[in-house]
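Subject: Structure handover

Hi,

Here is the structure I promised to pass on. Please open it before you read the notes below.

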Amino acid sequence: MNNLSAFYPMYESAKKWVVEAGSRLEPTSVGFFEVEHKTSAADLVTEKDREIETFFISQIRNHYPSHFVLGEEGVSNQQSYDPRKETVWIIDPIDGTTNFVHMRRSFSISVALYDKGKPVFGLVYDPIAKELFHAFVGQGAYLDTEKLKPLDGVSIEEGVISINPLWLVPNDYVDFLPFQPLVQQLRGVRYIGSAALELAYVACGRLDAYLDFRLSPWDIAAGLIILKEVHAITTTMDNREIDVFNKSTTFTAKPVLHEQILATLGNKNE
Ligand code: 2AM
Ligand code: CA
């Protein structure tokens, strides 16, 4: 842990920055903003996404000029670098942009720091609920000041899980048919639409598992760190280790449930 202690002041700074950035996303501060499509009509970006990412980049450049920033909106415009050799902040300025645009709630800001490819700390902040999920590697995970407990096992029959509904229809990633009996066995299925928040909800026990498509580093970087601290089991859908710097399917669950879901799906996705 000694070599990580140098990062502690950055963790403290990051906590202040997410709360400050979040205040700009509250209904009273937001006002009118432009909405654009990226790859499709379902893939939105707003001027608020870019504003929040720019806020973090200016803070990081001022305080830690040697660090790199990997942000969803690509505002930082840095020369290419190897994230496994540098100190990198991975930032999703608004995770759940569709929710931000349509509902003005159920979105989050996700900030993580990885040093030479290794996780250091992660924060997921919901500025509407004013909930900050955070963890520094090896020191436990927290919801605000409350330490989160290690997760207990749960069975499919008792499980309430979040699944991207697109898993349940023909798709490019997994065989959808085995998901239908899975849904029938579960106590309940939800989908929130902010990957970072869904990972945080598994960590604090509000959800028992979460499965989603090929997510990007900024969607999952912070959540993975928080989940590990509470002993969630997190893999790709084919039960491999997630490489945070590459897109991958994401499957996190409480003990027992992870194994049961994979068995129910028949590991057909291997
Ligand atoms: P975003 O809101 O930051 O884009 C549900 O849409 C979840 O999947 C959100 O966390 C969303 O992140 C993420 N996601 C990743 N790629 C996406 C895409 N191409 N279109 C919509 N959502 C995407
Ligand atoms: Ca995102």
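Is Val 256 buried, partly exposed or exposed? Val 256 has a relative accessibility of 42%, so it counts as partly exposed. The cut-offs behind that call are under 20% for buried and over 50% for exposed. Please keep in mind that this is a predicted model.

Val 256 deserves a second look for its backbone. Its phi is positive, at about 70 degrees, and Val 256 is not a glycine. Most residues other than glycine have a negative phi. Val 256 sits in the loop that runs between strand 14 (248-253) and helix 8 (257-264).

Lys 130 is another case. Phi of Lys 130 is near 55 degrees, again a positive value in a residue other than glycine. Lys 130 also belongs to a loop, here between strand 6 (118-126) and strand 7 (131-136). With 45% relative accessibility, Lys 130 counts as partly exposed.

Now the ligand.

Ligand 1 occupies the largest pocket. Its shell holds 14 residues. The closest are Glu 72, Asp 95, Gly 96, Thr 97 and Ala 195. By class, five shell residues are nonpolar, four are polar and five are charged. Which element gives the largest share of the shell? That is strand 4 (residues 87-95), with three residues.

The polar contacts of ligand 1 include these:

- Gly 96: a backbone N or O atom lies 2.7 Å from an oxygen atom of ligand 1.
- Ala 195: a polar backbone atom is 2.8 Å from an oxygen atom of ligand 1.
- Asp 219: an N or O atom in the side chain is 3.5 Å from an oxygen atom of ligand 1.

How much of ligand 1 does the protein cover? On its own, ligand 1 has 460 Å² of accessible area, and the protein covers 76% of that.

Next, some pairs from separate parts of the chain.

Ser 23 is in helix 1 (residues 8-23). Ser 23 has a relative accessible area of 32%, so it is partly exposed. Its partner here is Lys 130, the loop residue with the positive phi. Ser 23 and Lys 130 are 107 residues apart along the chain, yet their C-alpha atoms are separated by 9.3 Å.

Ile 233 belongs to strand 13 (residues 233-235). Ile 233 counts as partly exposed because its relative accessibility is 34%. How far apart are Ile 233 and His 258 in space? From C-alpha to C-alpha, they are 6.7 Å apart, with their positions 25 residues apart in sequence.

Two buried residues round off the list.

Asp 212 lies in strand 12 (residues 209-215). Its relative accessible area is 3%, so Asp 212 is buried. The C-alpha atoms of Asp 212 and Asn 164 are separated by 5.4 Å. Along the chain, Asp 212 and Asn 164 are 48 residues apart.

Thr 252 is found in strand 14. Why does Thr 252 count as buried? Its relative accessibility is 0%, and buried means under 20%. Thr 252 and Phe 107 are 145 residues apart in sequence, and their C-alpha atoms are 19 Å apart in space.

That is the full set of notes from my side.

Best wishes

Technical notes. Residues numbered from 1 in each chain as written. Chains lettered and ligands numbered in written order. Predicted model: local features only at pLDDT ≥ 70, side-chain atom pairs only at ≥ 80, totals over all residues. Heavy atoms only, no water. Near = heavy atom within 4 Å. Polar contact = N/O pair within 3.5 Å; in protein donor to acceptor, adjacent residues only side chain to side chain. Areas by Shrake-Rupley, 256 points an atom, 1.4 Å probe, with all protein chains shown as cover. 1 Å grid on protein atoms, 1.4 Å probe; cavity = no way out; pocket = protein on both sides within 12 Å on 5 of 7 lines; lining within 4 Å. Sits in = over half its atoms within 2 Å of the grid points. Helix = DSSP H or I, 4+ residues; strand = E, 2+ residues; numbered from the N terminus. Nonpolar A, V, L, I, M, F, W, Y, C, P; charged D, E, K, R; others polar. Buried < 20%, exposed > 50% of the residue type's maximum accessible area, 1.4 Å probe, protein only.
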